[in-house]
Amino acid sequence: SRFNRALWETEFLDEKLGQYTINTSPVPKEKLAERFASIVKLMLARDDRGSDRDVFYAELGGFDTHDNMKERLADRFMELDESLEFLVTELQTQQLWLNTTIVLVSDFGRTLTPNSGGGSDHAWGGNYAVIGGSVKGGQALGHYPDDLTKEGPQIVGRGRVIPTTSYEAMWAPVAEWMGDGELGPLSASDLNTIFPNKEKTGSMIYGKEDLFV
């Protein structure tokens, strides 16, 4: 049954992950760092799991800063910084860094102007960050608004920014990088299947060569 299968998989993973050790000590006490430590162990157990590539997801909440934004963001960024530093160091120690790409995303941006509670409200355009051993670092892609005032052509209501670079623009090259393997690179047809709206956004779509060495 599915229940018995789930029990077996849980016991299997617990046994296999227990065979691997995190070398970076101490692991930060933050929940995000603990999740990253589990992800590294899963990566180390890839042969045991019969996997040659994986996608892992870790979440850090607390960014819905409708009040006291500065204080709350300082706390969130501290946890993110310490956890990422731990993750990158451990990936390098385990010889996994060159084969790992980390993508930082948010589900929506924030208003540029504050509300009455010293916070920001839900908006549209935002930023992604891509980090990894094979990533071309030190560059900012996309179009930065020419005018951030309320008269700016990309600014609407309370400093909400209309994005010019689509979700697919960043994810397509990541998919290309990840898709390289024994069967060769992903084709244009493959990318259109993965990202069916890629050609409909009006956005420039970056290629693997734009993001990766």
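Helices, taken as DSSP runs of H or I of at least four residues, and strands, taken as runs of E of at least two, are numbered from the N terminus. In this predicted model, N68 is found in the loop between α3 (46–49) and α4 (69–93). The backbone of N68 has a positive phi of about 45 degrees, although N68 is not a glycine, and with a relative accessibility of 42% the residue counts as partly exposed. A positive phi also occurs at Q95, where the angle is about 60 degrees and the residue is again not a glycine. Q95 is placed in the loop between α4 and β1 (101–104), and its relative accessibility of 67% puts Q95 in the exposed class, for which the cut-off is over 50%.

A further backbone feature concerns the loop between α1 (2–17) and α2 (31–44), in which P26 lies. The peptide bond that leads from S25 to P26 is cis, with omega near -5 degrees.

Helix α2 has 14 residues, which at 1.5 Å a residue should span 20 Å, and the C-alpha atoms at its ends are indeed 20 Å apart, in agreement with that expectation. The buried residues of α2 are L32, A33, F36, A37, I39, V40, L42, M43 and L44. An α-helix has 3.6 residues a turn, so residues three or four places apart point the same way. The elements that cover the buried residues of α2 include α1, α3 and α4. Within helix α4 is the place of M78, a residue that is partly exposed, with a relative accessible area of 47%. From C-alpha to C-alpha, M78 and E30 are 9.9 Å apart in space, while 48 residues apart in sequence.

The corresponding analysis of α5 (167–179) begins with its length, for which 13 residues at 1.5 Å a residue should give a span of 18 Å; the end C-alpha atoms of α5 are 18 Å apart, which agrees. The buried residues of this helix are E168, A169, M170, A172, P173, V174 and A175, and what covers them includes β1, β2 (129–132), α6 and α7.

Two loop residues have contacts that can be described together with α5. S166 has its place in the loop between β4 (160–161) and α5, and it counts as buried because its relative accessibility is 12%, where the cut-off is under 20%. The side chains of S166 and E168 are joined by a polar contact of 3.3 Å, and E168 is itself among the buried residues of α5. When neighbours within four places in sequence are left aside, S166 is in contact with T201, S203 and I205.

The second of these residues, K198, is placed in the loop between α6 (188–194) and α7 (208–211). K198 is buried, with a relative accessible area of 10%, and its side chain takes part in polar contacts with the side chains of N192, at 3.4 Å, and of E199, at 2.5 Å. Not counting residues up to four places away in sequence, K198 touches E168, A172, L191, N192 and I205. Of these, E168 and A172 are listed among the buried residues of α5, and I205 also appears in the set of residues in contact with S166.

Note on methods. Residues are numbered from 1 along each chain as its sequence is written. This is a predicted model: local features need pLDDT of at least 70, side-chain atom pairs count only at pLDDT 80 or more; totals for chains, interfaces and linings use all residues. Side-chain values use heavy atoms; hydrogens and water are left out. Buried means under 20% relative accessible area, exposed over 50%, partly exposed in between (1.4 Å probe, protein chains only). A polar contact is a pair of N or O atoms within 3.5 Å; within protein, one must be able to donate a hydrogen and the other to accept it, and residues adjacent in sequence count only if both atoms are side-chain atoms. Contact means heavy atoms within 4.5 Å. The expected span of a helix is 1.5 Å times one less than its number of residues.
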